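Student: Could you take me through one part of this model closely? I would like to look at the salt bridges and how their partners are placed.

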Amino acid sequence: MLNTECKQCHKKWHHDNAKYCSMCGNKLIDEPEFKVGDYVVDDGSYLMMKVDEASDSVVCSKICYNFRYFRVSINFVCETGYLRHATPEEIAEYESALHFYKHGREPFEVKKGDLIRTPSEKITLIWNPENYTKEEFLDYGWKLLKTAEEIDEWLGADDE
């Protein structure tokens, strides 16, 4: 689709992928502006992050979530031209993934002996971790409360 005329110099018929006017350099398309606290997604690299610092050309985040490989990285910088605002579903996935990260686990990694809260507010001890997937945590609202290692530490099970 061809861009309409430039609002500054009124030149018409720019190339399909032109972001700036070839005559005056004015921006032809409105790109989303990002501010601190926004959740953003880079679909090309499968990254999702909460913006900690922002400028016109880059955003920075202390924690970044790779939604393809279910990994969390720290201290990430991304050019704004590749970003879009995250949907509410993506934000929920990001927050859930970070919850696992804060407990020392990869996103949606559960082990035998972990403690979770179900949507009905029941607390359950996991015996068959293969039955607990990312979808259950996102679609049904399950929440990791404590890892098996945290429970062992609290109980003093490692003390001899």
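Tutor: Happy to; here is a walk through the salt bridges, with one network at the centre. This is a predicted model, in which local features need pLDDT of at least 70, side-chain atom pairs count only at pLDDT 80 or more, and totals for chains, interfaces and linings use all residues. Residues are numbered from 1 along each chain as its sequence is written, and side-chain values use heavy atoms, with hydrogens and water left out.

A salt bridge here is a side-chain nitrogen of Lys or Arg within 4 Å of a carboxyl oxygen of Asp or Glu. The whole structure holds eight of them.

Let us start with Glu149, whose side chain meets that of Arg105 at 2.8 Å, N to O. This pair links distant parts of the chain: Glu149 sits in helix 3 (residues 148–155), Arg105 in the loop between helix 1 (88–102) and strand 7 (115–117), 44 residues apart. Helices (H or I, at least four residues) and strands (E, at least two) are DSSP runs, numbered from the N terminus. Arg105 is buried at 4% relative accessibility, while Glu149 is partly exposed at 41%; buried means under 20% relative accessible area, exposed over 50%, and partly exposed in between (1.4 Å probe, protein chains only).

Glu149 also forms a salt bridge with Lys111 (3.7 Å, N to O). Lys111 lies in the loop between helix 1 and strand 7, so its pairing with Glu149 in helix 3 ties together parts 38 residues apart in sequence. Lys111 is partly exposed, at 35%. Through shared partners, salt bridges join Arg105, Lys111, Asp114 and Glu149 into one network.
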